[in-house]
Amino acid sequence: MLKRLLLGSSLLIAIVSLWLSQWTARPATQYTPSVVGRNNTVLFIVNSEFGLSNVHLATAQGLLERHPEVEIHVASFAPTYPRIERISKHGRKTNSSSKDIIFHELPAQHLFARAMAMAGRTATSIIHPPGRAHIDQIGKDLAFYVAPWSGEAHLELYHNLAEIIDQVDPSLVLLDIFFRPGLDAARNRKRLHAFVVPNIPIDVFSHHQPFGKWLWKYPVMGSGIPYPVPWSRLLDNIYMNLRYFQILSSMPHFKAGQRFLRSKGFGRITYHDLYRTNVPFLVQGLAEATIPLDHVPPNVTYTGPMYLSLSTPEEVSPELGQWLAQGPTLLVNLGSFFAWDIGRASAMAQAIADILEENPDLQVLWKFRKTGKEFGGVPFGDEFMDPVRPFLENGRLKMVPWLPVEPATLFETGHIVASVHHGGAGCFNEALGTGIPHIILPQWLDHYSIAQAAQYIRVGVWACQKTAPSFTAECLQDAFSTVLSSEKTATAIREKAKEIGKIVQRDPGRYISAREVAKLAAHGA
């Protein structure tokens, strides 16, 4: 009976894989831009959230430093503007020929984060465990990120962006894969465009692999399945892929929006219609430090880590710079969107107290923001801090609500010995590009892919894998020891991280991306 079930399952898998591989193997529609635009003029259209916009702004930094002939425009929301000012100031300091970035502000009511809040998606609600049992939530969340706005808001943003494109007349438009009105505006205005992508290659191009390998070889986003997919997880991987395919094709949350936009002459919006075979993609892949794809499409350029580095800690916060110089430091930073609940805060506080007790030369910088009603969580007091109070008092622990400089800037000081982060693409690549080992606590979607990638390339560990997305003091302590101790495994992880950092520093990703952008932008009129 068991043999029949296994045989039947194998046949079903083979049939489904063959059918879907034929679907994904169909050539994507090519795009033909017919409006040339002003030579050496680029327009970035990007959300303001750090995890989505960092790669675009890093590319802008690279352009100012290395390609001052390119005129740079950025269309985004108000929170992006202070960062644009800092990048422009840095550009003037590093290259006297560079010109300030020109900012075009979009309506505040259409912020990506605001759209999430209006839909009831908060820093707490989007957290999910990995695996098959949670695929419906994972799929619906990803579909929402593709089209978070109502049909009416999408149309208003489209008109705003089309007007900016007409005004700027760029030779190249640079897009965010999660800002669909920008894509619609660029394509409908017949402009040359390219995507700058924060995600790791496996989460973007697994469907482009031959022989249906996205089903049976490459783990699906949000699954936590290792690479290559083990036989024991094959059915899980196929099932999750099928559910993703169904949800991202049907976009169930956006049916009213689809009807409204179709009535205005727009085509159907899904995740699957982003790709065109001749539209460039600049992706944070590094051949020496990523899960390898058997086929990298010819329109895809691996840039390696793209991150901002604008000033030293001493320039922005002399007090922080002096504190870092006191000794080796562990950075705990779970990203710009994460908020700490009582359970996770208590576990981390105890683990920090334990590691500081065991390592008298170590200090910890903990970026900490409590959850509360505004983040969809439950407010709590400060009792969780009891284990770490002695270290706050003697200065070996510093807790800050926000980092005054980019994490990469902290890493470049040489004082950070490891980065505890959530597996966000920004945190991962900032540490990867500066040779810092990883202790990863994934919370949602692509975090699980990045946690597995860090382990696969041996530059870090997925901490508390059995309890993800939660964690305990005990499993945190194990993870800290795995990376920070003098044991052979820990030493190998730190050495491999340094090796990768040296490779990146030979030609940093922001300069590779800027080089490709400058080439494309030079084909204007």
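## A tour of the sheet

Start by selecting A75 in strand β2 and H104 in strand β3: these two residues are bridge partners. You are looking at a predicted model, in which local features need pLDDT of at least 70 and side-chain atom pairs count only at pLDDT 80 or more, while totals for chains, interfaces and linings use all residues. Residues are numbered from 1 along each chain as its sequence is written, and side-chain values use heavy atoms, leaving out hydrogens and water.

Strands (E, at least two residues) and helices (H or I, at least four) are DSSP runs, numbered from the N terminus. Now select β2 (residues 71–76) and β3 (residues 102–105), which pair in the parallel sense over four bridges; pairing requires at least two DSSP bridges between the strands. Add helix α3 (residues 81–94), and you have a right-handed β-α-β unit made by β2, α3 and β3. Right-handed means that, with the strands pointing away from you, the path from the first strand over the helix to the second runs clockwise.

Next, select β1 (residues 38–45), which pairs with β2 in the parallel sense over five bridges. Here T41 has E71 of β2 as its bridge partner. With helix α2 (residues 50–66), β1 and β2 make a right-handed β-α-β unit.

Is β2 enclosed or open? Five of its six residues are buried (under 20% relative accessible area, 1.4 Å probe, protein chains only), so β2 is largely enclosed by the rest of the structure.

Finally, show the open sheet of seven strands, in the order β3-β2-β1-β4-β5-β6-β7 with parallel pairing. β3 and β7 (300–302) stand at the edges, each with a single partner strand, so one side of each has no neighbour in the sheet.

Note on methods:
Buried means under 20% relative accessible area, exposed over 50%, partly exposed in between (1.4 Å probe, protein chains only).
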